[in-house]
Amino acid sequence: MKSPNPHSEAANAAEPFQGRRVVLCVTGGIAAYKAAYLTRGLVRAGAQVSVVMTEAAQRFVGPLTFETLSGNRVVTSTFERVYETGPVEHVDLAERTDLVVVAPATYNFLGKLCAGIADDAVTTFISAVVCPVLVAPAMNEHMWRNPINQRNVGALHALGYHFVDPERGGLACSWEGEGRMAEPETILAAARELLHPGPKTLPSPARSSLSGLTVLVTAAGTWEAIDPVRFVGNRSSGRMGYALAAAAARRGAQVLLVSGPSALEIPAGLLSSRRVESAAEMLQACRDWLPRADILLMAAAVADYRPRQVAENKIKRSRAAMQLDLEATPDVLAELRPLKESRLFVGFALETAADPGPAAQAKLRDKGLDLVVANRVGADTGPEQRTNQVWIWNAEGLVEATPVLDKQVVAEIVLDAVENAWAKRRTPAGA
Ligand code: CTP
């Protein structure tokens, strides 16, 4: 949908917020206090910020806070102007806004937006804007996972709304889980990306060979908690999965990225991303998103074992030997297999054997994959490296073998194989 307002005076400034008009919409949740930090961040970055609040939002934080931080009067009613000097008509208002950020966005707000209801200051304002809208949901984990909410989020994605998904952590209801609004810096970074003048950090799609397809990519390793500070994990950096996600987006795919812990920045141009920690969380995220996907690229290095018990408090050091009682984590691919239907499943096989072929082919068969991408742990290949060497098999045999290459180049080669596999399975035999 929607691209930033090209008429804005400062559209080419180095700091994308400089002189841009950002409307921050605040709906009724405890995370409204974080919207105050966000306002300050936007103002400091040079944006002209106006705030629109629902009635419920005002119960959490008063308009005066936002008025003081933004330097602009806060809109709390459908019948007010957003800009002091501007006209009141929705169309004019829309033309004068470069970006709308909704933070926090409640379950109720998402439902109303999805249904096209405009019955308060925020939903009415948004109904008239033509610029990008970035939504940062915040709610209880069960509400976030509620199928109605997930359906709404999916539909809003499809309509072109941008999301900064909630994170895991302590929630206001004393519940630990997913649903906590992303931190203001994360929202700010996503907003900056949307406003970025000129070419995006990534080149625009070189080709649109994956357009119309939704690709779910998993990346990085998982961390399985031992206690509040320690975990069982592996050396995966996430580079391969992130390179695949970025390359698929450049080819026009709608990319959903589920990432374990990684120091890398989420690539630009994705439909949505979700950060998870454990294998169980990765499985849940994949279960949530697989119904929307045509292709699964399972590049994550999921930890195979997790402690049977997670200690509530930090385990004290002692001189005695210590035993960790481990149990198997869920095999994400195996769990997703019953939901495969006509989707293309691509797995990865990390091997240390000189010939990764037999083990990789066994994984192709056992996990019901269409393609398996094998890589060997070596001096310049493997989870921590910037380079990789892969062998790609389908049920008929080897389809591709590469020398050691940068992971970005490997990603392109893998996607070529994926495109071929996708084209073949959609072409009836003999056609
Ligand atoms: N995988 C998974 N869930 C797990 C472990 C692995 O979905 N708990 C997926 C990986 O994302 C990868 C494929 O299975 O796409 C193969 O992973 P790999 O680590 O190579 O093999 P494992 O199945 O873990 O078997 P092993 O460790 O014995 O080689």
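Biologist: How do the residues of the shell around the ligand divide into nonpolar, polar and charged?

Modeller: Sorting a shell by residue type is a good way to begin. In this predicted model, the shell holds 10 nonpolar, 2 polar and 4 charged residues. In total, 16 residues surround the ligand, and the closest are Met298, Ala300, Phe348, Lys363 and Lys367.

Biologist: Which backbone atoms have polar contacts with the ligand?

Modeller: For this, look for pairs of N or O atoms within 3.5 Å. A polar backbone atom of Pro330 is 3.0 Å from a nitrogen atom of the ligand. Leu333 has a backbone N or O atom 2.9 Å from a ligand oxygen atom. Phe348 also offers a polar backbone atom, 2.9 Å from an oxygen atom of the ligand. As for cover, the ligand taken alone exposes 560 Å², and the protein buries 77% of that.

Biologist: Where does the ligand sit, and which elements give two or more residues to its shell?

Modeller: The ligand takes up the space of the second largest pocket. Helix 12 (332–336) and strand 16 (344–351) each give two or more residues to the shell. Strand 16 provides the largest share, with 4 residues.

Biologist: Let's turn to helix 11. Why is helix 11 described as largely enclosed?

Modeller: Count its buried residues, meaning those under 20% relative accessible area. Helix 11 spans residues 279–289, and 8 of its 11 residues are buried, so the rest of the structure largely encloses it. Among them are Met282, Leu283 and Trp289, along with the charged residues Glu281 and Asp288.

Biologist: Is Asp98 buried or exposed?

Modeller: Asp98 is buried, with a relative accessible area of 2%. You will find it in the loop between helix 4 (90–95) and strand 3 (99–105). The Asp98 side chain reaches the backbone nitrogen of Arg21 at 2.8 Å.

Biologist: What about the backbone angles: which residues other than glycine have a positive phi?

Modeller: Ala220 and Glu341 are two to look at. Ala220 has phi near 70° and lies in the loop between strand 8 (214–219) and strand 9 (224–225). With a relative accessible area of 1%, Ala220 is buried. Glu341 has a phi of about 45°, and its place is the loop between helix 12 and strand 16. Glu341 is exposed, at 66% relative accessible area.

Biologist: And what form does the peptide bond from Ala103 to Pro104 take?

Modeller: Check omega for that one. The bond from Ala103 to Pro104 is cis, with omega near -5°. Pro104 itself belongs to strand 3.

Notes:
Residues are numbered from 1 along each chain as its sequence is written. This is a predicted model: local features need pLDDT of at least 70, side-chain atom pairs count only at pLDDT 80 or more; totals for chains, interfaces and linings use all residues. Side-chain values use heavy atoms; hydrogens and water are left out. Buried means under 20% relative accessible area, exposed over 50%, partly exposed in between (1.4 Å probe, protein chains only). A polar contact is a pair of N or O atoms within 3.5 Å; within protein, one must be able to donate a hydrogen and the other to accept it, and residues adjacent in sequence count only if both atoms are side-chain atoms. A residue is near a molecule or strand if one of its heavy atoms lies within 4 Å of it. Accessible areas come from the Shrake-Rupley method with a 1.4 Å probe; for residues, only the protein chains shown count as cover. On a 1 Å grid over the protein atoms alone, a cavity is a set of points where a 1.4 Å probe fits but cannot get out, and a pocket is an open set with protein on both sides within 12 Å along at least five of seven lines; lining residues have an atom within 4 Å of a point. A molecule sits in a cavity or pocket if more than half of its atoms lie within 2 Å of its grid points.
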